[in-house]
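Please open the structure in a viewer and keep the sequence panel visible. The tour proceeds by selections, each followed by a short account of what is there.

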Amino acid sequence: MTAGKKLSFGIKTVPQHTTYEDMLRVWQEADSIPSIEHAWLFDHFMPLGKDFTGPCLEGWTLLAAYAAVTKRVRLGLMVTGNTYRHPAVLANMAATVDIISGGRLDFGIGAGWNEREHSSYGIPLYSTGERIRRLGEACEIIKRMWTETAPGYEGKYYQIKDAYCEPKPIQKPHPPFVIGGAGEKLTLRIVAQYASIWNFVGGGAEIFQQKSAVLDSHCAAIGRDPQTIQRSIQVLVYPEDLEETRNQVRSYAQAGATHLILSLRAPYPEGIVHRLDEEIIKPLSRT
C-alpha cells in the first residue's frame, strides 16, 4: 500500500437497467457504514454497453434526490460530461446539490465522450482536443461562479457576464473538483490546475503509475504540490468473486491510489455493501 496514506473507499451505482428504489437501498446501506466515505453515480442518458434501449436515470436529478435522503457520505457524479450542459448552468446545479447535501458534494467533471448520446440527442461532439479545451474553460467558469459575486469570462468557447450564482455552495472556497481522464498533454494539465481528486479512467496499475507521474510533472510546472491531488480509481465489483475485486483494488493501492471506488452493476444483492466492507475494505485497511 501507499506508505503513510489513508485509503478512502466509496461505492458507485450505475443507474442503468435498475430502479430508483434499488439504488436507494444501496446508498442508504452505504450511508450507514462508516468505512464507506463516498458514493457515486454516472452521467449518461442511455445505458452503456450493448443494450442501450433500457432504463437509465439522469445523473444530476438523481444525485439531488440521494443528497436529500443521505446524511454522511460524500457524493457526486463520476463524472459529469461537460458537453451536456453549459458550465454556467452546471455551476448552479452543483451549488444547489451542495446545499441540499449540507456540503457533501465532490464535483466530478470530464470532457465528455459518448458518441451515441451526442448524436441521438443532437448535442455537438467536438474533436478530442476541443472537448478538453472546453473542459478547461468550464472549470474556470464554474470556479469563478462559486467564488465571485458577479463573474465574467471571455473564452474561446464560453462567455459569461454578471453570472450570478446565488446562493453559493456551502463548501468554501468551493466544492472539490474531481476530474476524470488521462490525456497527458491537455487533460492532466487541467487536473493539475483545478482538481483535488484525479480519477484514472482504467487500464491497469502500471499505466496508472505512468499517468500519475505525468500528473506530478504538470504539478511541478505550475508550482503545485502533487500530494494535494488524491489519486482515484474505479474497480468493477464481481459479487460472486470479491477476492478478484480485492486483488485489483490492492494492485492500484500499491501503485499509489488512495481514493478507491467499488463500482456496482444491477441487480444489487441484499447486503452487498456490508459484504464489500467485510471482504474488501477491512482486509485492505489492515494491510
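Contact here means that heavy atoms lie within 4.5 Å. The model is a predicted one.

**First stop: two helices**

Select Y20, M23, L24, W27 and Q28 in α1, then add L62, L63, A65, Y66 and V69 in α2; these two groups meet. Now display the whole of helix α1 (residues 20-31) and helix α2 (residues 59-69), whose axes come within 11 Å and cross at roughly 45°. The two helices, α1 and α2, are therefore oblique to each other. Their crossing is right-handed.

**Second stop: the loop before α1**

Move to H17, which is placed in the loop between β1 and α1. Its phi is near 55°, a positive value in a residue other than glycine. With a relative accessible area of 36%, H17 is partly exposed.

**Third stop: two cis peptide bonds**

Select M78 and V79: the peptide bond from M78 to V79 is cis, with omega near -15°. V79 belongs to the loop between β3 (74-77) and β4 (80-81). Next, select K172 and P173, which are also joined by a cis peptide bond, with omega about 5°. P173 is located in the loop between β7 (159-160) and β8 (177-180).

Remain in the loop between β7 and β8 and select D162. Although D162 is not a glycine, it has a positive phi of about 45°. This residue counts as partly exposed, at 47% relative accessibility.

**Fourth stop: T149**

Select T149, found in the loop between α5 (128-147) and β6 (153-154). Is T149 buried or exposed? At 55% relative accessibility, T149 counts as exposed. Leaving aside its neighbours within four places in sequence, its contacts are Y164, E166 and K168. For a view across the model, add S232: T149 and S232 are 83 residues apart in sequence and 32 Å apart in space, C-alpha to C-alpha.

**Last stop: helix α8**

Display helix α8 (residues 242-254), whose 13 residues should span 18 Å at 1.5 Å a residue; the end C-alpha atoms are 18 Å apart, which agrees. Which residues of α8 are buried? They are L242, T245, R246, V249, Y252 and A253. These residues cover an arc of only 125° around the axis, which puts them on the same side of α8. To see what the buried residues of α8 pack against, add β1 (8-13), α7 (205-222), β10 (230-236), β11 (259-264) and α9 (272-286). Finally, select G256, just after α8, where phi is positive at about 115°.

Terms used. Residues are numbered from 1 along each chain as its sequence is written. This is a predicted model: local features need pLDDT of at least 70, side-chain atom pairs count only at pLDDT 80 or more; totals for chains, interfaces and linings use all residues. Side-chain values use heavy atoms; hydrogens and water are left out. Helices (H or I, at least four residues) and strands (E, at least two) are DSSP runs, numbered from the N terminus. The expected span of a helix is 1.5 Å times one less than its number of residues. Buried means under 20% relative accessible area, exposed over 50%, partly exposed in between (1.4 Å probe, protein chains only). The arc is that of the directions from the helix axis to the C-beta atoms. Axes are lines fitted to C-alpha atoms, for helices over the stretch in contact, and angles run from 0 to 180 degrees between N-to-C directions. Angles under 35 degrees count as roughly parallel, over 145 as roughly antiparallel, 65 to 115 as roughly perpendicular and the rest as oblique. A crossing is left-handed if the near helix is turned anticlockwise from the far one by less than a right angle, and right-handed if clockwise.
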